[in-house]
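Please find below a briefing on the structure shown here, arranged by topic for use in computational work.

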Amino acid sequence: MTRMNKTVKSIYAAFAVILATLPACTIQATRSADTAVASTTEAASPTDSRVQETVQKLTQIGARVAGTPAAQQASQFLIEEYRKAGYQTEVQTFTYPKFRDLGSNVSVNGQTISGQALNNSIAGQANARLVVVPNVGRPNDFASIDVKGAIAVVRRGEIPFSQKVDNAAKAGAIAVIVINSEDKPLRGTLSSPAAIPAIGITQSNGAKLLNAPAAQVSVNTERRTITGRNVIARLPGVTQPRLLLGGHYDSVSGSPGANDNASGTAVVLETARRLANTPLAREVWFMAFDGEEDGLQGSRAFVNSVQPQFLSGLSAMFNFDMVGINDRLLIGGSAELRSQLKQLNSNVPTWTNSSSDHASFAAKGVPVLFFYRGSDPNYHSPTDRSTNASSLNDTLQTALASINQVLQSK
Ligand SMILES: [Zn+2]
């Protein structure tokens, strides 16, 4: 790479990070900078809508639940797109147990209330007296009550669902009903299957139990083995990258997952396209993870499948999740990388959050950056159907700038 290019790149890097803090509407003004750098990668403007097109193509496939034909179709689409961009691809398959709620409910005072079995709950029926547990179900909260052979009614909050259910089981309860802290269906997960069945219900339905003497709990679940498919794209011969970019392409059932997370998947693919003809591409792997919605299954399978030196050889992992809406990009991740970014521009809003695929890499000591654009009213719902091009491109510009910064810095 020539000296001249380097200067342009570092100016561009600083400039692009500022982009991250500007409201989407001013992206127009910065086009000139893009073009300056694009000459070393490829012509820019026709590509700006390409990210949005990728989101639309993935969204049209529908809900991409790990292990389903739709997810397989999505992975095939990504493989073809990466190959078209000049990358070699491979599919890493992995398996994990997954449970499904086949329909669970609580019957009380002759009325049947539908509920949601907590993820990973065992199946089971219980017909017994109800005991309302004070506070949130810590061990001490069971000291003043007798739940032996009873159904424990516990409120959501403060401690993980697993602890509530384990504490109830230890105190002798035969099932647990968790009342949500808001009047919405409770979608909770047990980090590991408990000894007794557990179901979640809405706040208003919970109120119906507080003075009821007894109830019947029916938790109907199945556990299956899911085969997930991670897509890996890299240039031939690049066996040890310094940077790994990724985002999950699976979605939850019933949601076409445009923002969560066709958006991140599309930004990673577009970054690969933009870098394809540059020397930087020889330092990067691009990944589309599966099974994130089932508990970071794909990224965990990947970090557990590679050699430790592969992970320690990474200067950074960038994760993109929900980057298709909202005006501001938030950057989370390792303090080291966040402060590096802050040096360039103190206005970049950073935060600490770990509930996405970067957490699997961070757990192995890899420095990570997490790209996220804030909460979404359509999160995990059938209405998560659209993203906007300016948010996607704003994320893309910051990604390109951050890649430059990390690969230039060491
Ligand atoms: Zn997500």
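Asn261 lies in helix H7, which covers residues 258-275. A cis peptide bond with an omega of about 15 degrees joins Asp260 to Asn261. The model is a predicted one, and Asp260 is also one of the residues that coordinate the zinc ion.

**Zinc site**

- The zinc ion is coordinated by His248 through NE2, by Asp260 through an OD atom, and by Asp321, which is listed for two OD donors.
- The distances from the zinc ion to these donors run from 1.9 to 2.6 Å.
- The arrangement counts as irregular because the four donor atoms subtend angles of 52 to 143 degrees around the zinc ion, whereas a tetrahedral assignment would require all angles to lie between 85 and 135 degrees.
- For reference, the ideal angle for four tetrahedral donors at a metal is 109.5 degrees.
- Along the sequence, the donor residues follow the spacing H-x11-D-x60-D.
- The pair His248 and Asp321 links distant parts of the chain, with their positions 73 residues apart: His248 belongs to strand E10 (residues 243-248), and Asp321 to the loop between strand E12 (316-320) and strand E13 (330-333).
- Both His248 and Asp321 are buried.

**Loop between E12 and E13**

- Met322 is located in the loop between E12 and E13, and has a positive phi of about 60 degrees although it is not a glycine.
- Met322 counts as buried because its relative accessible area is 6%, under the 20% cut-off.
- Asn326 is found in the loop between E12 and E13; this residue, although not a glycine, has a positive phi of about 70 degrees.
- With 30% relative accessibility, Asn326 is classed as partly exposed, a category that lies between the limits of 20% and 50%.

**Helix packing**

- The axes of H7 and helix H12 (residues 389-409) come within 10 Å and cross at roughly 50 degrees.
- That angle makes H7 oblique to H12.
- The crossing of H7 and H12 is right-handed.
- On the H7 side, the contact is made by Ser263, Val267, Glu270, Thr271, Arg274 and Leu275.
- On the H12 side, the contributing residues are Leu392, Asn393, Thr395, Leu396, Gln397, Ala399, Leu400 and Ile403.
- An α-helix has 3.6 residues a turn, so residues three or four places apart point the same way.
- In helix H8 (residues 297-305), the buried residues are Gln297, Gly298, Ser299, Phe302 and Val303.
- These buried residues of H8 pack against four strands and two helices: strand E1 (88-101), strand E9 (221-234), E10, strand E11 (284-289), helix H9 (308-312) and helix H11 (358-362).
- Strand E10 thus appears both as a packing partner of H8 and as the strand that holds His248.

**Asn140 and Asn167**

- Asn140 is placed in the loop between strand E4 (124-132) and strand E5 (151-155).
- Asn140 counts as exposed because its relative accessibility is 67%, over the 50% cut-off.
- Asn140 and Asn167 are 27 residues apart in sequence, and their C-alpha atoms are 9.2 Å apart in space.

**Chain as a whole**

- The secondary structure of the protein chain comprises 12 helices and 15 strands.
- Of its 410 residues, 57% count as buried.
- Among contacts in the protein chain with a separation of 6 or more, 76% are between residues 24 or more positions apart.

How values were computed. Residues are numbered from 1 along each chain as its sequence is written. This is a predicted model: local features need pLDDT of at least 70, side-chain atom pairs count only at pLDDT 80 or more; totals for chains, interfaces and linings use all residues. Side-chain values use heavy atoms; hydrogens and water are left out. Donors are N, O and S atoms within 2.8 Å of the metal (3.2 Å for Na, K and Ca); water is not among the atoms, so sites may look incomplete. Four donors count as tetrahedral if all angles lie between 85 and 135 degrees; four count as square planar and six as octahedral if opposite donors are over 155 degrees apart and all others between 65 and 115; anything else is irregular. Buried means under 20% relative accessible area, exposed over 50%, partly exposed in between (1.4 Å probe, protein chains only). Contact means heavy atoms within 4.5 Å. Axes are lines fitted to C-alpha atoms, for helices over the stretch in contact, and angles run from 0 to 180 degrees between N-to-C directions. Angles under 35 degrees count as roughly parallel, over 145 as roughly antiparallel, 65 to 115 as roughly perpendicular and the rest as oblique. A crossing is left-handed if the near helix is turned anticlockwise from the far one by less than a right angle, and right-handed if clockwise.
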